[in-house]
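Hi,

Here is the structure I said I would pass on. Have a look at it first, and my notes come right after.

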Amino acid sequence: MQSDNIFFLDKDTQGLSITNKAVLILSPAFYWFHKEKLNIPLLQARKIAPSIFEGMIPPGEYSYWVQKVGDEYWFFAYNDQTILDKLSSLNIKPSQISKVYPAQMAFYALEEPLQIKDRVVMQEDGTVIVLPKAFFQGEATSLDAISLKLPKKSLPLKTYGSSWLSEDLIYKAAIILFLLIVAYAVQVFIFKQDVAKLYALKNKIVTTYHLPPTSFQIKNILSSLEKIQKEQLSIRKDIDYILRTPLKQNEYFTKLDLTKNILFEIILADTKRAQELKGYFTKGLKVEDMQLDGKKFIVKCSL
């Protein structure tokens, strides 16, 4: 991975600027590390992780992460909130971070000392340590001069994960929720209008012909209501089908109109997507017209 996408976070880090998605490598200052050769399954090793650090670290709330490297188990203990607080102090949003690695995992194959700003990263008996540059005598390679091969599994941060979820998906969820509310409100409005018309018709018949509400009238009213119900169910089915449109990232609805027919507009990520969506809408809706205006895909259907 290119080093310009990788950032090193220490408790003394200041002025860290991240513009794109980045990988974060944590200084040992943010975690405790212990390695042990154990002839047990990984699942069992995870269960005993808290007892491994018992008496070794200060009291507090910790998360534990275990990885098997060679014939050793590597145990990590860390405080999620401490890491998140540091990121917050640097004005870094969780959505800007793609993965997080402890330095022990990121630099486990490091053969020569590595300089990152005013810090030097090196291995001491297989354990990655970080020293101030002033304490190191000798030459060190710059992080910009190497290409790291990072492990597939990264360190899980509880709060980080939930924050990422809210920021990355809340916009799409809000759009879908808004469309559902609009669709429901439209259905209720139409239904109330139709019921009001039926009641007005009933009263007109009774007044004009001086008739009580006979079974014949009741059957007509029920028949009209059943017709309305079928129409509403059909509209609801069409709206449900529209809301299940397989949108891709950066695609969203900009309009949904049910005044005389079904008219909706979608902003596409790519104009080529229009051909894919034509097949989808033709299959499930009574399409009258489909047009592409730039990246705006306009679809008109009959109710």
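Below is what I found, starting with the whole chain and then going into a few spots.

First, a caution: this is a predicted model. The protein has six helices and 14 strands. Of its 303 residues, 36% count as buried. If you take the contacts between residues at least 6 apart in sequence, 59% of them join residues at least 24 apart. The protein exposes about 18,800 Å², and carbon and sulfur atoms supply 55% of that.

Now the inside. In soluble globular proteins, nonpolar side chains tend to be buried together. Here the largest nonpolar core has 41 residues. Those with the most contacts inside this core are Phe 8, Leu 9, Leu 24, Ile 25, Leu 26, Phe 107 and Val 121. Strand S2 (residues 22-26) gives the most to the core, with five residues. Phe 107 is a good place to zoom in: leaving out residues up to four places away in sequence, Phe 107 touches Phe 8, Ile 25, Leu 114, Ile 116, Val 121, Gln 123, Val 128 and Leu 148.

There is also a second, separate core of 22 residues, and Ile 235, Ile 239, Phe 253 and Leu 268 are among them. Phe 253 turns up again in the strand pairing, where Phe 253 stands opposite Ile 266 in S12. Strands S11 (residues 252-257) and S12 (residues 262-267) run antiparallel and are joined by five bridges. The two form a hairpin, with four residues between them.

Next, helix H6 (residues 273-284). Its twelve residues should span 16 Å at 1.5 Å a residue, and the end C-alpha atoms are 17 Å apart, which agrees. Which residues of H6 are buried? They are Arg 273, Ala 274, Leu 277, Tyr 280 and Phe 281. Seen down the axis of H6, these buried residues fall within an arc of 120 degrees, so they line one face of the helix. On the other side of H6, Gln 275 and Lys 283 are exposed.

One last spot is Ser 95, which lies in the loop between helix H2 (80-89) and strand S6 (97-102). Is Ser 95 buried, exposed or partly exposed? Its relative accessibility is 21%, and buried means under 20%, so Ser 95 counts as partly exposed. Ser 95 and Asn 20 are 75 residues apart along the chain, while their C-alpha atoms are separated by 9.5 Å.

Have fun looking around!

Methods. Residues numbered from 1 in each chain as written. Predicted model: local features only at pLDDT ≥ 70, side-chain atom pairs only at ≥ 80, totals over all residues. Heavy atoms only, no water. Buried < 20%, exposed > 50% of the residue type's maximum accessible area, 1.4 Å probe, protein only. Pairing = 2+ DSSP bridges. Expected span 1.5 Å × (residues − 1). Arc of directions from axis to C-beta. Contact = heavy atoms within 4.5 Å. Areas by Shrake-Rupley, 256 points an atom, 1.4 Å probe, with all protein chains shown as cover. Core = buried A, V, L, I, M, F, W, Y, C linked by side-chain atoms within 4.5 Å.
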